[in-house]
Amino acid sequence: MVQSGSSETVFTYGAPQLKFGSGSSDEIGFDLSTYGVRRVLVITDPGVAATGHPQRITDQVNAAGIEAVLFDRAHVEPTDESMVEAVEFARDGGPWDAFVAVGGGSAIDTAKAVNLLCTNPGDLLDYVNAPVGRGRAPVNRLAPLVAVPTTTGTGSESTTVCVLDVLEQQVKSGISHPLLRPTLAVVDPRLTLSQPAGVTAASGMDILCHALESWTARPFDSYARKTPEQRVPYCGANPIADMWSEKAMSLLAGSFRTSVHHGDDEHAREQMALAATFAGMGFGNAGVHIPHANAYPIAGRVRDFHPAGYPDDEPMVPHGMAVSLTAPEAFRFTFEAAPERHVRAAELLAPGAERPDDLRDFLPGVLADLMRDIDIPNGIGAVGYAEADVDDLVTGTLQQQRLLATAPREASADDLAGILRRSIELW
Ligand SMILES: [Zn+2]
């Protein structure tokens, strides 16, 4: 390969070991025994604990001759406080040879932080990305982490990040390091059969945006060349991430609407779980951009929205829903950076759909049709935001520089305001 000036010529690919399929969660005790571990901590949240799956997994690990203890107080949408509580529980009851996370992104992210702080010195903020935290890198290897997603979509089982709200600074931030990636992902589609339609719709939009954003991400070879120490897990669109993203979009085209409207269709659930896994393998290496950056303030500044299918005790805009609400307009904005990729994505997501006269409208139209069919709210206006909120939302989006750096076009404050304004009502 010819080295051209100072452009990047290298990309990286990482993924956990994977065990996929109905019944795969019955084998975790055996899988742990192959690591030679004696004591493991199983981490979940109260909602997932109520399904009985975490207890079943804990019992099964115990039956394999490994001492397993269940911690069921991970917080949905973890905060620094909730993570510190989990870390203290783990440090007090340790040492642990391995961790098992059962749940959505919240439980898996909490387990990543617990694993980091049970194997490394210091406190949570030492490792949170600067400038919110001190951005330190771990000095020791982490223990094995088995991630068992019970919500299809988050992709946390494949990625190297954990996301949390830092309460004092009122900001969402994260910890990002290759060592945080789970050792083994166990994806058992049976665990998602009871997921309500609203949750399937929102988390499915998250899967879809993971695939679309990594497929349209800034190409790895358009960045300046990095030194080995500077390499980051999210290196931009590359041939291997592309392959997973494309396949994820095809799977979604065949199963998304069915899994929302017929939640008991096991085949559709399995295809969605595969799509989530594939999308995770793509975006876990390429990265995501504008829709995810916008999602942070859209979810974080919610006032009084209560989505169907979710616990009613606090207002929330679920992550996948928040991501999807500005996606049509974000992809209208990024179109000019790679028109052929946007057209190809629309064709993968809606095979046989007629091309509009202006190809710029193709992908936004396909997305809006899908969102309408699966009852996603009609824009950020439908979850409580108006014109007067746009500046405030832009301020929040601009804090997500790590994500915006992956966008295929530079998005200024004015560009973002335009995307958000045009997303107040989508159809
Ligand atoms: Zn996401």
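**Fold, annotated domain and unusual backbone geometry**

Residues 24 or more positions apart account for 78% of the contacts in the protein with a separation of 6 or more. The model behind this figure is predicted. Its secondary structure comprises 17 helices and eight strands. The radius of gyration is 21 Å, close to the 22 Å that the globule rule gives for 427 residues, so the protein is as compact as a globular protein of that length. The C-alpha trace spans about 65 × 50 × 45 Å along the principal axes. Of the 427 residues, 52% count as buried.

One annotated region was examined. An unreviewed UniProt entry lists residues 17-189 as "domain: Alcohol dehydrogenase iron-type/glycerol dehydrogenase GldA". In the model, this stretch of chain is 31% helix and 24% strand. The C-alpha atoms at the ends of residues 17-189 are 17 Å apart.

Backbone geometry was considered next. Most residues other than glycine have a negative phi, and most peptide bonds are trans. The model departs from both patterns at the sites described below.

Two cis peptide bonds are described here, each leading into a proline. Gly-94 and Pro-95 are joined by a cis bond, with omega about 0 degrees. Pro-95 sits in the loop between helix 4 and strand 4. Helix 4 covers residues 80-93, and strand 4 covers 98-103. The bond from Ala-130 to Pro-131 is also cis. Here omega is near 5 degrees. Pro-131 belongs to the loop that runs from helix 6 (124-127) to strand 5 (145-149).

Positive phi values occur at Glu-77 and Asp-375. Neither residue is a glycine. For Glu-77, phi is about 60 degrees. Glu-77 lies in the loop between strand 3 (67-71) and helix 4. Helix 4 also borders the loop that holds Pro-95. Glu-77 has 20 other C-beta atoms within 10 Å, and the threshold for burial is 20 or more, so Glu-77 counts as buried.

For Asp-375, phi is near 65 degrees. Asp-375 is placed in the loop between helix 14 (362-373) and helix 15 (390-398). Its C-beta neighbours inside 10 Å number 16. That count falls between the exposed limit of 12 or fewer and the buried limit of 20 or more, so Asp-375 is partly exposed. The two positive-phi residues thus fall into separate classes: Glu-77 is buried, whereas Asp-375 is partly exposed.

Conventions:
Residues are numbered from 1 along each chain as its sequence is written. This is a predicted model: local features need pLDDT of at least 70, side-chain atom pairs count only at pLDDT 80 or more; totals for chains, interfaces and linings use all residues. Helices (H or I, at least four residues) and strands (E, at least two) are DSSP runs, numbered from the N terminus. The radius of gyration is taken over C-alpha atoms; the globule rule is 2.2 Å times the number of residues to the power 0.38. Two residues are in contact if their C-beta atoms, placed from the backbone, lie within 7 Å. UniProt positions are given in the numbering used here, feature names are shortened, and annotations may be inferred rather than shown by experiment.
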